[in-house]
Amino acid sequence: SGHSTPSSPKSPLRSPRHRQGRSKAGKFSTGGGKSSLAQRLSWMLLSVLLRRQGIFLFAPLIYISGMLLYMGTASFDVVPVIKHRDAPGSLYRSPQLYANLKHDMDSDNSSTDAISTIWKTPYRGGEWKPCVNRSSEDLPESNGYIYVEANGGLNQQRTSVCNAVAVAGYLNATLVIPNFHYHSIWKDPSKFRDIYDEEYFVDTLKNDVRVVDKIPEYLMERFGSNMTNVHNFRIKAWSSIQYYRDVVLPKLLEEKVIRISPFANRLSFDAPPVVQRLRCLANYKALRFSGPIMTIGESLVERMRKRSAINGGKYVSVHLRFEEDMVAFSCCVFDGGKQETEDMIAARERGWKGKFTKPGRVIRPGAIRINGKCPLTPLEVGLMLRGMGFTKNTSIFLASGMIYNAEKTMAPLLQMFPNLHTKETLASEEELAAFKNYSSRMAAIDYTVCLHSEVFVTTQGGNFPHFLLGHRRYLYGGHSKTIKPDKRKLALLFDNPNIGWRSFKRQLLTMRSHSDSKGVELKRPNDSIYSFPCPDCMCRASRTANRTANRTDDSKSSSVANRTTNRTDDSKSSSAA
């Protein structure tokens, strides 16, 4: 170049293959031939970009412009559809399942009726027998009068009565016949004597708890002969018996008359033996239905046994909770469509104004069904019983109120069990006339027929099945003889329309066996003594004689000791004051 500065060394030669790709003019070519116009333009654009790298700063702007251009020309009328898959067990598909299984169900001629072979599991500790005895000693002087208001339906009121007997006996008080509080839901004005045999109740308890029908006038004059002026205790639910001793008893000794309202579930299930004995005595001995209810109840039991002659007089009773108010309260969705939705909204507003429409309240019917909280429909009860091995010849007694949309919902159950009866089909209108407008009296009739069935089936929680569970254990050697299905498993089973009959039946037979194995259960702390009478109200048959004598003596001495101690301490504190 004419300068003395040495030049830089030459670049190493590229591969022969690459050198062949360049022409003498230094231009890109393919295979030595002439390049096309598109290739030339691409090469030129690439060269400009490589030499002028600042142009890349405009790339985001170019990209956004292109997107805006695309969005302006594209149509968004068609929205992508995202398919939502419902969780297993969240839908009511029992009608489809019934349609699928009906043929195989009707063709199944295997084995005999389950009613003759259902209860097989003996309790490893032996049979249990009732061991509740009445005291034979006279009662000491009373500390005062206790007046309670029993609220709720038939069996919630029964809880209140039994607890009131236990509290009055423990405090050595005189119990006034409990007043049954009128409720807007049950709408039953019945009094104690309308449902229970009042004379028998008083006589059975006479050596354990004093019971009177009213408070003496000379005491009521202090309160203006008005019960509302009497001091009312607002006691917390499930309070301990010690609370009554420490808080209620001093006021009772001072005023001589106290009132407790409301009284449902106001005493803990975990209590000392002296309290439990009084509960057992009240529930299983003293509380007997009134004469009219006993007469018609026993009559219906005999009629059911006659209609079950093919099975040796054995029948199945089912407590079905598919009344309109229960369906509405559950917030579950069935197959009634728009009409069902409107009916349930109206029923919720009538019974529980505003409760289900509060701001922020979210109702998830699918989750409710998965958790086993939905009441079983008549169709589902039929499917369950047929799957458990009960045949079309089985006699069924249905204990229920007015079934929602009965003409439609009861039809499949009647197809599966033609020999199905209710108190309305067993008795004439004349026989039921005295009870028809009283929900508690009608429930007492159902209770009697269910109590004496070979199998009792509960389909929803509540006080009715809980009391029956314990009462049947008390009568049948500690075994409840009750089918209590796992409704979470049923929800999954009923939500599978493609399941085969054999698989369906196998799973339900397993569920039936589980109910048999759970027939005899002992009470654990905080369990209801009205559902689990063993061992507080019952003794093992092999040891009944010894344990009965011991427990009677212990309860007497404990009761007398408590009364003496309480009265002595209270008299001391009164004199000191």
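**Exercise 1. Determine which sequence regions C332 and C374 join, and describe their bond.**

C332 and C374 form a disulfide in which the sulfur atoms are 2.0 Å apart, a value taken, like every other here, from a predicted model. The link of C332 and C374 is left-handed, with -100 degrees about the S-S bond. C332 belongs to the loop between α12 (324-330) and α13 (337-351), whereas C374 belongs to the loop between α14 (365-370) and α15 (378-387), so the bond ties together parts that are 42 residues apart in sequence. For the surroundings, the cut-off to apply is that buried means under 20% relative accessible area. C332, with a relative accessible area of 2%, is therefore buried, and C374, at 5% relative accessibility, counts as buried too.

**Exercise 2. Find the other disulfides of the structure, and work out the pairing pattern of the bonded cysteines.**

A search of the whole structure finds three disulfides, and two remain to be described.

Step one takes C131 and C539, which form a disulfide with their sulfur atoms 2.1 Å apart. The link of C131 and C539 has 85 degrees about the S-S bond and is right-handed. Since C131 lies in the loop between β1 (128-130) and β2 (145-150) while C539 lies in strand β13 (residues 538-540), the pair ties together parts that are 408 residues apart in sequence. C131 and C539 are both buried.

Step two takes C280 and C537, which form a disulfide with their sulfur atoms 1.8 Å apart. The torsion about the S-S bond of C280 and C537 is about -65 degrees, and the disulfide is therefore left-handed. Because C280 sits in helix α10 (residues 273-286) and C537 in the loop between α23 (501-517) and β13, this pair ties together parts that are 257 residues apart in sequence. Here, too, C280 and C537 are both buried.

Step three numbers the bonded cysteines of the protein in sequence order, which gives the pairing 1-6, 2-5, 3-4.

**Exercise 3. State how far C162 and C331 are from the nearest cysteine sulfur, and whether each is buried or exposed.**

C162 is in no disulfide, and the nearest cysteine sulfur, that of C280, is 9.2 Å away. C162 has a relative accessible area of 0%, so this cysteine is buried. C331 is likewise in no disulfide, the nearest cysteine sulfur being that of C332, 7.4 Å away. At 5% relative accessibility, C331 also counts as buried.

**Exercise 4. Decide how the buried residues of α23 are arranged around its axis, and name elements that cover them.**

The extent of the helix comes before its faces: α23 has 17 residues and reaches 24 Å from its first C-alpha to its last, close to the 24 Å expected at 1.5 Å a residue. The buried residues of α23 are W501, F504, K505, L508, M511, R512, S515 and D516. Seen down the axis of α23, these buried residues fall within an arc of 150 degrees, so they line one face of the helix. The general background is that an α-helix has 3.6 residues a turn, so residues three or four places apart point the same way. On the face of α23 turned away from its buried side are the exposed residues R502, R506 and T510. The cover over the buried residues of α23 includes α4 (94-107), α15, β12 (482-483) and α22 (487-494).

**Exercise 5. Describe how α5 and α20 pack, and place T448 in its surroundings.**

Two packed helices are described by the angle between their axes and the distance between the axes. For helix α5 (residues 154-170) and helix α20 (residues 439-451), the angle is about 85 degrees and the axes are 9 Å apart. The two helices α5 and α20 are therefore roughly perpendicular to each other. At their meeting, L154, N155 and Q157 in α5 face S440, A443, A444 and Y447 in α20.

T448 also lies in helix α20. With a relative accessible area of 5%, T448 is buried. When its neighbours within four places in sequence are left aside, T448 is in contact with F289, G297, E298 and V301.

**Exercise 6. Establish how much of α21 is covered, and what backbone feature comes just after this helix.**

Helix α21 (residues 463-475) has 13 residues and reaches 18 Å from its first C-alpha to its last, close to the 18 Å expected at 1.5 Å a residue. α21 is mostly covered, since 10 of its 13 residues are buried, among them F464, F467, L468 and Y474. Just after α21, G477 takes a positive phi of about 65 degrees.

Note on methods: Residues numbered from 1 in each chain as written. Predicted model: local features only at pLDDT ≥ 70, side-chain atom pairs only at ≥ 80, totals over all residues. Heavy atoms only, no water. Disulfide = S-S within 2.5 Å. Helix = DSSP H or I, 4+ residues; strand = E, 2+ residues; numbered from the N terminus. Buried < 20%, exposed > 50% of the residue type's maximum accessible area, 1.4 Å probe, protein only. Expected span 1.5 Å × (residues − 1). Arc of directions from axis to C-beta. Contact = heavy atoms within 4.5 Å. Axes fitted to C-alpha atoms, helices over the stretch in contact; angles between N-to-C directions. Parallel < 35°, antiparallel > 145°, perpendicular 65-115°, else oblique.
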